[in-house]
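The following exercises concern enclosed space, a single side chain and a sheet. Each task is followed by a solution in steps.

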Amino acid sequence: MAPNETTDREHNKATARILRVLSTFVAEADDFGVSELNQRLGMTKNMVHRALTTLVEQGYLVRNKAGRYELSYRILELQNLAQAEPDFRALAAPFMRQLYELTGESVSLAVRADDFTVFIDAVETRKLGAWRTQIGALRPLHASTSGRVILSSLRDEDINAYIERRTPMRLTRPTGVMKPADLWRSIHAIRQRGYEIARRGANPVMVAAAFPIEGAEASLHGAIAVGGPEERFDPEGPQIGPSLHALVDELRARTRLYASEAA
Amino acid sequence: MSAKKAAARAVNTSALHVFDALRIVASAGEPIGASEIARQLGLPASTVYRSLITLEESEYIDRFQSSARYELGAMPRLLNRALLRRFALQRQSGAALRALAEESGESASVSVRLGWYSLRVAVAYGSHDFYHRDRLGEATPLHASLSSRVILGGLSQPDQQRYWAFAEKHFKPSVSDRQKSDAAIASVRRSALLIEPIAASPERAAVGAALRGGQGEILGSLTLHGPVVKAGAVAAPSALTHAHKAIETAMVGALARAPSPFAHLDPDDIVISLPRNPRIET
């Protein structure tokens, strides 16, 4: 590699860091200080400071009275009013890819349609033994990991009304019926944990983790789930768990900027 | 110059190229190719190509339909959303706007004053509305759209004069712009309302109502489009009156905090290179 090319690459890395600092302002905070950014992004304070200076010079950030940095109105110049607003699927797409890259397992995206979950997107692993997602298929809310996550976001009286409408709550693979008490146990666990972990089958035992994805004003866009055989996928393990949650949180910071169009 | 300083300057130059390329993509209006960007910047294609890769990897630009042409990516949209969230009127008007859109079937929106511009910070789309998509984040000079003319009409006379001085310098309004605005100002002063016919659909009108704070100061405007209002109408539909009252009441509590994060700035200092907007005739 020519020496020029190496330095070019270094400069572009530095520029990418500047853009990363700006991207942080998507998060739910009005302003940021240097040390918060330095902790959040794992950059040195010096790097953060240089990036902030460039972003203020470019007009996209301003320094407020408290000496902290906030978005400037000149962000409005970076818009194309003819471009369509992204929907839930478009917002989630880059994160579905990243979740797949992190885990190597199948990732799915589901929304609610009345009493059902409908899967609207998936990234499927090519490894042996994987969850298969049928895009467009309807599953009763109680019968899938993502569906129970969506159910648990409803009000208690709405969940009871669902149970009344759907009883007996049939299950497939394995065939059976879910008792209301079992569904409630699962809902309480989801509310406490913030997500659902479900295992089923034997040889291999399949495990799936599903996360609720919120929209603006406490609405719910749907759920994102990742699952695979227990022997190679542990969503709560130290290897994957923290990164998995960090990715989901990053997605939520974005989806919270958009109201859910779901009923 | 020391080696360290030279290196810092080189990084800066590289960053400047990236932001220049980003602004070209933003102002292009249509997806634009790398060679055209290089031509406009007067830079070698290889330099621009690297900038574009950095911008694409950071989600600031995206390829249009997997082609070799670029348009703005997810990140600028998200940052714009994050900016809008900082206006108290956005947080306070959501529920009332949704109720208004549901009752009328038409799109309803709230715009705030930002210097000598109006900025649409909240929209609820009505079920009748297929094409007239008032966009969130749309900023217009105070004379250039119905929502902004309502705000202009709510300003004090000295402020209106200051506005026209600013407008002459930055927007070059036409004589008919001035006439339309004068009529709007008179209407807002008379009734706090502005009803204007919609050019594209005869006999239909749009209505805007001034939103004011506790001291009578203008905060923004509430706008409703479509056939619920007929051209020549003098009163607002009752659904709009209800929404108007609900938003102003909600704002009473919220105004303890600043209504706009930019309220402390001198409006003459707020200059925005507006993105191309096919909906605005100016």
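**Exercise 1: the largest cavity**

Task: In this predicted model, determine which helix gives the largest share of the lining of the largest cavity.

Solution.
Step 1. Searching the whole structure yields two cavities of 30 Å³ or more.
Step 2. The largest cavity holds about 170 Å³ of space. It is lined by 15 residues, and those closest to its centre are Q79(A), E85(A), R77(B), N80(B) and R135(B).
Step 3. Helix α4 of chain B, residues 74–84, supplies four lining residues, the largest share.
Step 4. Sorted by class, the lining of this largest cavity consists of six nonpolar, five polar and four charged residues.

**Exercise 2: the second largest cavity**

Task: State which residues line the second largest cavity and give the make-up of its lining by class.

Solution.
Step 1. The volume of the second largest cavity is about 40 Å³.
Step 2. Its lining is formed by S111(B), S118(B), R120(B), E138(B), T140(B), S145(B) and S147(B).
Step 3. Five of these lining residues are polar and two are charged, while no nonpolar residue takes part.

**Exercise 3: a serine in a helix**

Task: Decide whether S104(B) is buried or exposed, and identify the backbone atom that its side chain reaches.

Solution.
Step 1. S104(B) belongs to helix α5 of chain B, which spans residues 88–104.
Step 2. The relative accessible area of S104(B) is 11%. The cut-off for a buried residue is under 20%. S104(B) is therefore classed as buried.
Step 3. At 2.8 Å, the S104(B) side chain reaches the backbone oxygen of L100(B). For a polar contact, the N or O atoms must lie within 3.5 Å.

**Exercise 4: a sheet in chain A**

Task: Establish the strand order of the open six-stranded sheet of chain A, name its edge strands and find the bridge partner of V107(A) in β10(A).

Solution.
Step 1. The six strands of this open sheet in chain A follow the order β5-β4-β3-β10-β9-β8, and their pairing is antiparallel.
Step 2. An edge strand pairs on one side only; in chain A, β5 (138–140) and β8 (196–200) are the edge strands.
Step 3. From one strand to the next, the twist averages 30 degrees.
Step 4. Within the sheet, chain A strands β3 (residues 106–113) and β10 (residues 220–229) are joined by five bridges in the antiparallel sense.
Step 5. V107(A) has V226(A) as its bridge partner in β10(A).

Terms used
Residues are numbered from 1 along each chain as its sequence is written. Chains are lettered from A and ligands numbered from 1 in the order in which they are written. This is a predicted model: local features need pLDDT of at least 70, side-chain atom pairs count only at pLDDT 80 or more; totals for chains, interfaces and linings use all residues. Side-chain values use heavy atoms; hydrogens and water are left out. On a 1 Å grid over the protein atoms alone, a cavity is a set of points where a 1.4 Å probe fits but cannot get out, and a pocket is an open set with protein on both sides within 12 Å along at least five of seven lines; lining residues have an atom within 4 Å of a point. Grid points are joined across faces, edges and corners, and a volume is the space filled by probe spheres set on the points. Helices (H or I, at least four residues) and strands (E, at least two) are DSSP runs, numbered from the N terminus. Ala, Val, Leu, Ile, Met, Phe, Trp, Tyr, Cys and Pro count as nonpolar, Asp, Glu, Lys and Arg as charged, and the others, Gly among them, as polar. Buried means under 20% relative accessible area, exposed over 50%, partly exposed in between (1.4 Å probe, protein chains only). A polar contact is a pair of N or O atoms within 3.5 Å; within protein, one must be able to donate a hydrogen and the other to accept it, and residues adjacent in sequence count only if both atoms are side-chain atoms. Two strands pair if DSSP finds at least two bridges between them. Axes are lines fitted to C-alpha atoms, for helices over the stretch in contact, and angles run from 0 to 180 degrees between N-to-C directions.
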